[in-house]
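Student: I would like to go through the labels used for this model and check each one against its cut-off. Can we begin with a ring?

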Amino acid sequence: MKYISGVVLMICMSVAHATRQDIEIYVDSAYEPFSYGDEKGEDKGVYIDILRTAFSRMEGYDVTLTPIPWKRGPRIMEQGEGIGLAPVFFHGHDWPYLYP
């Protein structure tokens, strides 16, 4: 749960100055039952439900959750092509582009 709140906090801080913002958050597509994409490519899982609830309370933001293979997530973040990746795991020692 603390990992999900960390994602929400990071997103809020990074886009707090915007009046209306479209945001895409990448989520692990194969971490059942927490985060996964079904056969139609839709995002499902416990973490997804928590994120949707949190994002529904953030006025001024349209958040899209996109399921992707986990190994692709860090590469997207490293290249600066993404603003958020869930679920969050601490990788400060080997993901310097996400820490601090």
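**Labels and cut-offs**

Tutor: Phe34 is partly exposed, with a relative accessible area of 29%. The model is a predicted one.

Student: Why is Phe34 called partly exposed?

Tutor: Buried requires under 20% and exposed requires over 50%. Phe34 has 29%, so it falls in between and counts as partly exposed. Tyr31 gets that label too, because its relative accessible area is 28%.

Student: What makes Tyr31 and Phe34 an aromatic pair?

Tutor: A search of the whole structure gives 3 aromatic pairs. In the pair of Tyr31 and Phe34, the ring centres are 5.3 Å apart. The cut-off is 6.5 Å, so Tyr31 and Phe34 pair.

Student: Why is the pair of Tyr31 and Phe34 called tilted?

Tutor: Stacked needs planes under 30 degrees apart, and edge-to-face needs over 60. The planes of Tyr31 and Phe34 make an angle of 40°, so the pair is tilted. Ring pairs also bring in Tyr47, giving a cluster of Tyr31, Phe34 and Tyr47.

Student: Now the charged side chains. How do you know that Asp43 and Arg52 form a salt bridge?

Tutor: The closest N and O atoms of Asp43 and Arg52 are 2.7 Å apart. The criterion is a side-chain nitrogen of Lys or Arg within 4 Å of a carboxyl oxygen of Asp or Glu, so this pair qualifies.

Student: Are the two partners, Asp43 and Arg52, buried or partly exposed?

Tutor: Asp43 has a relative accessible area of 11%, which is under 20%, so Asp43 is buried. Arg52 has 43%, which lies between the two limits, so Arg52 is partly exposed.

Student: What makes Asp38, Glu42 and Lys44 a network?

Tutor: Salt bridges link these residues. Lys44 forms one with Asp38, with closest N and O atoms 4.0 Å apart. Lys44 forms another with Glu42, at 3.9 Å from N to O. Both contacts involve Lys44. The structure holds 3 salt bridges.

Student: Which label does each member of that network get, buried or partly exposed?

Tutor: Asp38 is at 18% relative accessibility, under the 20% limit, and therefore counts as buried. Lys44 is at 31%, so it counts as partly exposed. Glu42, at 39%, is also partly exposed, because that value is neither under 20% nor over 50%.

Student: What is the order of elements along the chain?

Tutor: From the N terminus, the order is α-β-β-β-β-α-β-α-β. That corresponds to 3 helices and 6 strands.

Student: What makes S2 and S3 a pair of strands?

Tutor: Pairing requires at least two bridges. S2 and S3 (residues 35–37) have 2 bridges, so they pair, and the sense is antiparallel. Within this pairing, Ala30 stands opposite Tyr36.

Student: Why are S2 and S4 called edge strands?

Tutor: The open sheet has 3 strands in the order S2-S3-S4, with antiparallel pairing. S2 (30–31) and S4 (43–44) each pair on one side only, and are the edge strands.

Student: How do you know that S1 pairs with S5 and with S6?

Tutor: S1 (residues 21–28) is joined to S5 (residues 61–68) by 8 bridges. S1 is joined to S6 (residues 84–86) by 3 bridges. At least two are needed, so S1 pairs with S5 and with S6. Both pairings are parallel. In S5 the bridge partner of Asp22 is Asp62, and in S6 the partner of Val27 is Ala86.

Student: Which residues make up the largest nonpolar core?

Tutor: This core has 10 residues, including Ile23, Ile25, Val27, Ile48, Leu51, Phe55, Leu65 and Ala86. S1, helix H2 (46–56) and S5 each supply at least two of its residues. A second, separate core has 6 residues, among them Tyr26, Ile68, Leu85 and Trp95.

Student: Why does Val27 qualify for a nonpolar core?

Tutor: Membership requires a buried residue of a listed type, Val among them, joined through side-chain atoms within 4.5 Å. Val27 is a member of the largest core, so it is buried and joined in that way.

Student: How much of the whole chain is buried?

Tutor: Of the 100 residues of the protein chain, 37% count as buried. The chain exposes about 6400 Å², and carbon and sulfur atoms supply 53% of that area.

Conventions
Residues are numbered from 1 along each chain as its sequence is written. This is a predicted model: local features need pLDDT of at least 70, side-chain atom pairs count only at pLDDT 80 or more; totals for chains, interfaces and linings use all residues. Side-chain values use heavy atoms; hydrogens and water are left out. Buried means under 20% relative accessible area, exposed over 50%, partly exposed in between (1.4 Å probe, protein chains only). Rings of Phe, Tyr and Trp (its six-membered ring) pair if their centres lie within 6.5 Å; planes under 30 degrees apart count as stacked, over 60 as edge-to-face and the rest as tilted. Helices (H or I, at least four residues) and strands (E, at least two) are DSSP runs, numbered from the N terminus. Accessible areas come from the Shrake-Rupley method with a 1.4 Å probe; for residues, only the protein chains shown count as cover.
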